[in-house]
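Here is a colleague's note on the side-chain contacts in this entry. Please read it with the coordinates open.

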Amino acid sequence: MGGITEKSYRKTIIACFAAYVVQAIVNNFVPMLFITFQKEFGLSLAQVTALVTFNFGIQLVLDMVSASFVDRIGYRASMILADAMCILGLALLTVLPQHTGSPFAGILISVMVYAVGGGLLEVLVSPIVEACPTEHKEAAMSLLHSFYCWGQAAVILFSTVFFAAAGIGHWRIMALLWTVIPALDLIAFTRVPIAPLLADGEKGRSLKELFSSGIFLILMMMMVCAGASEQAVSQWASAFAESGLGVSKTIGDLTGPLFFAVMMGISRTVFGLKGKQMNLRKFMAFSSVLCIFSYLMIGLSAVPAMGLVGCGLTGFAVGIFWPGTFSIASAAIQNGGTLMFAMFALAGDIGCSLGPTLAGAFASAAGGRLGTGILCCIFFPVLMGTGLMLEKHAASGHNEDLSCR
């Protein structure tokens, strides 16, 4: 590889870790400002909801179309473009709302710009790490995804501290400060080595070939369940803490989403550091059972604090679902290529949208009881465990051993 050593690729992996922090920034910073936007710019609840819809909607579109141009322009150019769009979107957020005829239009344009960057990152980062010539790829994938959790925790914690110290009115300064990380990541990706996902002469599978595979379809279902199991609790954790414990929004953010993110980060970090001694499928099976138990705690506990503990346990349980499914897919489906990772990102993002939507709808039907709404989504972790059994049975003929070696 022209003198490029495995040690050189460690810098690539570190840059990918930072890229997931960037994605956490663009997904979690603006939602912390929704109340501020309503007060400062007179946005309605419907307009605020539209910001979330457009953010994840554009990321879904990128999941579908990115494979067609990523392979043409290359992973390096695509990563640089992704970081640049994240920087631009956050920067535009500080100027467009007050310099356009409609503040909502200004915010929406900013969100759409950084959503392009976030969607690209979702598709690009995992295959770049998978292609790096390193051992214990399952552990590396879990550790990679832990940085989204730590990034989410950092955004919530540092933004909350900044707003408490400087005042929420200075949110534009915080937005510009968060552009530093994607800027550094962009510089890193102009220099780090990037290994090809497919060997010379190899061709990735077509969409028809992928959807003709039973294992692929099972793994797609698992990705939907991974995203849904996670976000059905994560997106409602702050409201659950506020309503259940009767605390302020600031305390709700710290005890709800932050607690969830930290526990999910711990799960992924534990497997990332100790995965070489662990069996991936067994850890995922245990996590499925734990997730079902934690949903029962949230929905059935009469003590609000115990329900909050259930939220934290959910974070730990779902931590391995997303990266673990990626790792199983990489081992089970040879030459999946960029398209395979894009399809899995699409399935995961569909789950991320479906989970909280159904939880909210079930809660509304239950008279606003969030715990009941989340409990009604317990079929997602149940399906996750079922998918693991189906995939193992389907793959048994290949004599695969997904213990981290």
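The points below take cysteines, aromatic rings and charged pairs in turn.

1. Status of the model. The structure is a predicted model, and the points that follow should be read with that in mind.

2. Disulfides. The count of disulfides is zero. For Cys149, the closest cysteine sulfur belongs to Cys352 and lies 12 Å away, which is too far for a bond. The cut-off that matters here is 2.5 Å between the two sulfur atoms. Cys149 itself is buried, at a relative accessible area of 0%.

3. A second cysteine. Cys225 is likewise in no disulfide. The sulfur nearest to that of Cys225 is in Cys291, at 10 Å. Cys225 has a relative accessibility of 2% and therefore counts as buried.

4. Aromatic pairs, sequence neighbours. The model contains 11 aromatic pairs. One of them joins Phe162 and Phe163 in an edge-to-face arrangement, with the centres 6.0 Å apart and 70 degrees between the planes. Both rings belong to buried residues: the relative accessibility is 18% for Phe162 and 12% for Phe163. The threshold for buried is under 20%, so Phe162, at 18%, falls inside it.

5. Aromatic pairs, across the chain. Phe216 and Phe344 also pair, in a tilted geometry: 5.3 Å from centre to centre, with 35 degrees between the planes. This contact links distant parts of the chain, as Phe216 sits in helix α11 (residues 214-234) and Phe344 in helix α18 (residues 337-365), 128 residues apart. Phe216 and Phe344 are both buried.

6. Aromatic cluster. Which residues do the ring pairs link into a cluster? The members are Phe211, Phe216, Phe326, Phe341 and Phe344. The tilted pair of Phe216 and Phe344 thus belongs to a wider set of linked rings.

7. Salt bridges, first case. The structure has three salt bridges. In one of them, Glu40 meets Arg172, with 2.6 Å between the closest N and O atoms. Glu40 is in helix α2 (residues 34-41) and Arg172 in helix α8 (residues 171-177), so distant parts of the chain, 132 residues apart, are linked. Glu40 is partly exposed, at a relative accessible area of 36%.

8. Salt bridges, second case. Glu230 forms a salt bridge with Arg268, where the closest N and O atoms are 3.9 Å apart. The cut-off is 4 Å, so the pair is counted at 3.9 Å. Glu230 belongs to helix α11 and Arg268 to helix α14 (residues 257-274), so the bridge ties together parts 38 residues apart in sequence. Both partners are buried, Glu230 with a relative accessible area of 6% and Arg268 with 3%. Helix α11 also holds Phe216, from the tilted ring pair.

9. Salt bridges, third case. Arg281 forms a salt bridge with Glu391, and the closest N and O atoms are 2.9 Å apart. Arg281 lies in helix α15 (residues 280-300) and Glu391 in helix α20 (residues 379-395), so this pair ties together parts that are 110 residues apart in sequence. Arg281 and Glu391 are buried.

10. In brief. The model has zero disulfides, 11 aromatic pairs and three salt bridges. Contacts between helices include the ring pair of α11 with α18 and the charged pairs of α2 with α8, α11 with α14 and α15 with α20.

Note on methods:
Residues are numbered from 1 along each chain as its sequence is written. This is a predicted model: local features need pLDDT of at least 70, side-chain atom pairs count only at pLDDT 80 or more; totals for chains, interfaces and linings use all residues. Side-chain values use heavy atoms; hydrogens and water are left out. Buried means under 20% relative accessible area, exposed over 50%, partly exposed in between (1.4 Å probe, protein chains only). Rings of Phe, Tyr and Trp (its six-membered ring) pair if their centres lie within 6.5 Å; planes under 30 degrees apart count as stacked, over 60 as edge-to-face and the rest as tilted. Helices (H or I, at least four residues) and strands (E, at least two) are DSSP runs, numbered from the N terminus. A salt bridge is a side-chain nitrogen of Lys or Arg within 4 Å of a carboxyl oxygen of Asp or Glu.
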